[in-house]
Amino acid sequence: MGISILAIESSCDETSAAVCVDGKILSNIIAEQKVHEQYGGVVPELASRAHMQHIIPVVDKALKDAGYGIQDINAIAFTQSPGLIGSLLVGAEFAKSLALSLNKPLIAVHHMQAHVLANLIDDPKPSFPFLCLTVSGGHTQIVLCNSPTDLKVIGETIDDAAGEAFDKSAKLLGLPYPGGPLIDKLAKDGDPLRFKFPEPNIPDLNFSFSGLKTSILYFLRNAGKSNLYKEEFAASEEEREQFIKENLPDICASIQERIITILLNKLKKASLETGINDMCIAGGVSANSGLRKAFLQMGKKYHWNTFIPAFEYCTDNAGMIAITGYYKYLAGQFADLSVTSSARAEW
Ligand code: KG4
Ligand code: ZN
């Protein structure tokens with residue numbers, strides 16, 4: 001028997017547990033929380049309560065599917081930060097209780113680092129150093145990964161995250177939460193070049209999505225006539241609704257196209273500046289089919305070695321916490337039982 005890690009992820013609205021043995025994921029159970037859909041976003045209090053309900057059955061199933069008993073596990077890994085504090089606490093306290101009662105080592109994992117290391121789950125794997133564009137609901141980062149335990153953020157968003165740009169755009173279009181996957185689906189039947197949204201002029205390797213959000217707001221307010229504030233184009237509510245109804249796939253495709261070009265132009269800049277050609281994407285937004293396709297195309301053009309995690313390891317999951325826990329185990333990076341959760345965390 002090799003090194004076995006039980007991992008728990010509860011940073012937002014997915015309760016997940018996974019078992020990893022010698023870097024191979026044997027199980028990855030994810031319980032989604034549908035309760036938030038009716039509120040148009042994650043309600044923290046409801047998320048914590050749902051984690052309380054799901055955590056025991058999810059851990060139980062992860063162990064059973066892996067064919068492991070809790071006593072066979074070598075260490076317990078959990079998401080320490082960042083995330084919703086009430087959600088993080090449920091997973092952290094559960095992991096700490098297990099570690100204490102079983103007398104097993106505890107491993108604290110940074111959720112965003114785990115998104116990056118999801119690229120180390122399946123073969124082929126990137127070689128070090130590699131760059132990773134990590135795009136999720138709360139973060140947008142370019143990460144330089146020198147080793148599994150040496151990761152450095154070299155660019156990040158100064159306002160909204162890419163996932164927020166998708167979700168907020170969807171909200172403006174009257175689509176339910178989370179809107180990212182819906183925009184992806186609708187964009188498949190649309191023309192990405194039909195409507196033009198601006199690309200922000202942000203220095204370095206940083207990103208900004210708030211200007212895009214404002215331009216979409218005005219674009220819809222003006223029923224497509226302009227994406228600037230123009231009083232003369234302000235449309236009535238009926239006109240706006242009609243415009244959205246008639247052009248939804250093209251609007252979604254055009255918004256998605258702009259988000260993708262903002263992301264990939266920075267990634268290209270990061271590759272040129274660092275000379276690194278092993279390139280990864282990660283995080284919930286890396287499930288976007290348009291981004292995946294454009295990333296692979298860009299990789300071909302610039303002779304990159306490109307890597308994307310399997311779908312189940314893109315959005316929040318404990319498999320990525322398990323693989324990170326495994327590498328931290330090998331590096332001897334264990335946490336004390338007094339470790340606390342943190343909503344915002346230093347890298
Ligand atoms: O990584 P993740 O599951 O959770 C966070 O750590 O935030 O990312 C969630 C984000 C949401 O904003 C969601 O709309 C977005 O990922 N997302 C997508 C797609 N699937 C999930 N965005 C665009 N296209 C998708 N297919
Ligand atoms: Zn995430």
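Which residue in β3 stands opposite alanine 17? I would like to start from that small question, and before answering I should say that the model in front of us is a predicted one. The residue is isoleucine 29, and the two strands concerned, β2 (residues 14-21) and β3, pair in the antiparallel sense over eight bridges. For those who are new to this, strands of a sheet pair through backbone hydrogen bonds, either parallel or antiparallel.

Let us widen the view from that pair to its sheet, which is an open one of five strands in the order β3-β2-β1-β4-β5, with mixed pairing. Because β3 (24-32) and β5 (106-110) stand at the edges and each has a single partner strand, one side of each is left without a neighbour in the sheet. From one strand to the next, the twist averages 20 degrees. Helix α1 (residues 44-66) packs on this sheet, where it touches β1 (4-9), β2 and β3, and its direction makes about 25 degrees with that of β2. Helix α9 (residues 319-330) lies across β1, β2, β3, β4 (75-81) and β5, and it runs at about 135 degrees to β1.

Two loops that follow strands of this sheet deserve a careful look. Aspartate 22, in the loop between β2 and β3, has a positive phi of about 50 degrees although it is not a glycine. In the loop between β4 and α2 (85-102) we find proline 82, which is joined to serine 81 by a cis peptide bond with omega of about -20 degrees. As background, most residues other than glycine have a negative phi, and most peptide bonds are trans. Another cis bond runs from tyrosine 177 to proline 178, with omega near -10 degrees, and proline 178 lies in the loop between α4 and α5.

Now I turn to another open sheet of five strands, whose order is β8-β7-β6-β9-β10 and whose pairing is also mixed. Here β8 (150-156) and β10 (305-307) are the edge strands, each with a single partner, so one side of each has no neighbour in the sheet. Neighbouring strands are turned by 25 degrees against each other on average, direction ignored. Strand β7 (residues 140-147) pairs with β8 in the antiparallel sense over six bridges, and leucine 144 stands opposite lysine 152 in β8. Leaving aside neighbours within four places in sequence, lysine 152 is in contact with Ile142, Val143, Leu144 and Trp347. Helix α7 (residues 237-274) lies across β6 (130-135), β7, β8 and β9 (278-282), running at about 160 degrees to β6.

My last topic is the ligand. How many residues surround ligand 1? There are 19, and the closest are Gly137, Asp167, Asp184, Gly284 and Asn288. They divide into five nonpolar, eleven polar and three charged residues, and the helices α3 (111-117), α4 (162-172) and α5 (180-187) each supply at least two residues of this shell. Looking at individual atoms, a backbone N or O atom of glycine 137 lies 2.8 Å from an oxygen atom of ligand 1, while an N or O atom in the side chain of histidine 115 is 3.1 Å from an oxygen atom of the ligand. A polar side-chain atom of aspartate 184, in turn, lies 2.9 Å from a nitrogen atom of ligand 1. Taken alone, ligand 1 exposes 550 Å², and the protein buries 88% of that.

Key:
Residues numbered from 1 in each chain as written. Chains lettered and ligands numbered in written order. Predicted model: local features only at pLDDT ≥ 70, side-chain atom pairs only at ≥ 80, totals over all residues. Heavy atoms only, no water. Pairing = 2+ DSSP bridges. Helix = DSSP H or I, 4+ residues; strand = E, 2+ residues; numbered from the N terminus. Axes fitted to C-alpha atoms, helices over the stretch in contact; angles between N-to-C directions. Contact = heavy atoms within 4.5 Å. Near = heavy atom within 4 Å. Polar contact = N/O pair within 3.5 Å; in protein donor to acceptor, adjacent residues only side chain to side chain. Areas by Shrake-Rupley, 256 points an atom, 1.4 Å probe, with all protein chains shown as cover. Nonpolar A, V, L, I, M, F, W, Y, C, P; charged D, E, K, R; others polar.
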